[in-house]
Amino acid sequence: MSNIQNKVVIITGASSGIGEATAKELASKGAKVVLAARREDRLKEIQKEIKFNGGQAIYQVTDVTSYEQMEKLASYALTEFGKIDVMINNAGIMPLSAISEIKITEWEKMIDVNIKGVTYGVAAVLPSMKENKVGHIINGSAVAGHVVFPTSSIYSGTKYAVRAITEGLRKEECRNNIRTTIISPGPTSTELTNSISDLGLRNFIVESAKEAIDPSSVARAIAFAIGEPDNVAINEMIIRPTLQEM
C-alpha cells in the first residue's frame, strides 16, 4: 500500500496552480485532502472533480494571513478526519518590483502571505503532530529562495525566510518523527504572475518564462516526498525547467 493512502493532507493555496494539481495528484493516490484558499467557487469545483474521480476531499475558505482561520482549518481537518498527517503550506504571492519603487503595501502583503502564512500553518498543525509523534510539513519556497534576481529582492527575501524556518523546524522536531520538506520550483504555469502590478514587468516575466513547467510536475515531486517511508525525509527539492540557467 502506498504511504500516501489514507493520509490526511491540508493544502493551502489549493484553488489553482500547484495547490490544485497537488490536491488532485494526492487524492488520486488515496489521500484525504483538505482544500484551503479564499475562492470558494474554485474550491467547490476542485472538490467536485476529485469526488467525481473517486477521491476524498473537503474544503474550508481560509485566509492564511489569519492565524485564527488557520487554527480553524486545522480543527476542521481533525474533526472531519481525526488526524493531520501532512501540511502543505503552498499559498504565496509574487508582486515583483524594484526596491526603488518603494511598494510598501506589496512588500507587506508578501511578508504576510509568504512568511506569516507559512508560520501560521506550522503553528496550527504542530501540536497534534507532536502529540501523535508523526507528521510531515511541506513548505513552498522557490528558486528565488536560492538566487536573487533584479526586482525579486523582497520576494526572494520571503522565500529565503521559508527555507530558514523550515530547516530550523527540521532540527527542532526530527526527534518527534516530524518530517519537513522545502519545495523550490522555478517558473511554473500558475497565476503567480497575476500579482505583479507593473504590467510591463508582468509581461516581461511571462514572456521570459515560456519554458515554465506544468504544476503537475511539482505535484508529482510533492507526492514523491510524501510517499517515502515515514523514516525517510526528503528535506529539499529544487525543480527547474531544463532550460533555466540560474
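How many of the eight residues of strand 6 are buried? Eight of the eight. So strand 6 is largely enclosed by the rest of the structure. Keep that strand in mind. One caution before we go on: this is a predicted model.

Let's look at both faces of strand 6. On one side sit I178, T180, I182 and S184, and these are buried. On the other side sit R179, T181, I183 and P185, buried as well. Both faces are covered. There is a general pattern behind this way of listing residues. In a regular strand, side chains alternate between the two faces of the sheet.

Now the whole sheet. It is open and has seven strands. Read across, the order is 3-2-1-4-5-6-7. The pairing is parallel. Which strands stand at the edges? Strand 3, residues 56–61, and strand 7, residues 236–239. Each has a single partner strand, so one side of each is left without a neighbour in the sheet. From one strand to the next, the twist averages 15°.

Let's walk through some of the pairs. Start with strand 1, residues 8–12. Five of its five residues are buried, so to speak of it as mostly covered is fair. Its faces are both covered too: V8, I10 and T12 lie on one side, V9 and I11 on the other. Strand 1 runs parallel to strand 2, and five bridges join them. One residue to find here is I11, whose bridge partner in strand 2 is L35.

Next, strand 4, residues 86–89, and strand 5, residues 135–140. They pair in the parallel sense over four bridges. Look for V86: it stands opposite H136 in strand 5. Strand 5 also pairs with strand 6, again in the parallel sense, over six bridges. There, I138 stands opposite T181 in strand 6.

On to the helices. Helix 2, residues 40–52, lies across strand 2 and strand 3. Its direction is at about 175° to strand 3. Helix 5, residues 153–173, lies across strand 5, strand 6 and strand 7. Helix 5 runs at about 160° to strand 6.

Stay with helix 5 for a moment. S156 is found in this helix. Is S156 buried or exposed? Buried, because its relative accessibility is 0%. Beyond its neighbours within four places in sequence, S156 is in contact with A144, G145, V147, V148 and F149. Compare Y120: S156 and Y120 are 36 residues apart in sequence, and 20 Å apart in space, C-alpha to C-alpha.

Now go to the loop between helix 5 and strand 6. N176 has its place there. At 13% relative accessibility, N176 also counts as buried, because the cut-off is under 20%. Setting aside neighbours within four places in sequence, N176 is in contact with K130, K133 and V134.

Last stop: empty space. The structure holds one cavity of 30 Å³ or more. The largest cavity has about 30 Å³ of space. Which residues line it? They are T12, V64, N89, N90, A91, V113, G117 and V118. We met T12 already, as a buried residue of strand 1. Helix 4, residues 104–132, gives the most to the lining, with three residues. By class, the lining has four nonpolar residues, four polar residues and no charged ones.

To close, back to the start: strand 6 has eight of its eight residues buried. In the sheet order, strand 6 sits between strand 5 and strand 7. Thank you.

Technical notes. Residues are numbered from 1 along each chain as its sequence is written. This is a predicted model: local features need pLDDT of at least 70, side-chain atom pairs count only at pLDDT 80 or more; totals for chains, interfaces and linings use all residues. Side-chain values use heavy atoms; hydrogens and water are left out. Two strands pair if DSSP finds at least two bridges between them. Helices (H or I, at least four residues) and strands (E, at least two) are DSSP runs, numbered from the N terminus. Axes are lines fitted to C-alpha atoms, for helices over the stretch in contact, and angles run from 0 to 180 degrees between N-to-C directions. Contact means heavy atoms within 4.5 Å. On a 1 Å grid over the protein atoms alone, a cavity is a set of points where a 1.4 Å probe fits but cannot get out, and a pocket is an open set with protein on both sides within 12 Å along at least five of seven lines; lining residues have an atom within 4 Å of a point. Grid points are joined across faces, edges and corners, and a volume is the space filled by probe spheres set on the points. Ala, Val, Leu, Ile, Met, Phe, Trp, Tyr, Cys and Pro count as nonpolar, Asp, Glu, Lys and Arg as charged, and the others, Gly among them, as polar. Buried means under 20% relative accessible area, exposed over 50%, partly exposed in between (1.4 Å probe, protein chains only).
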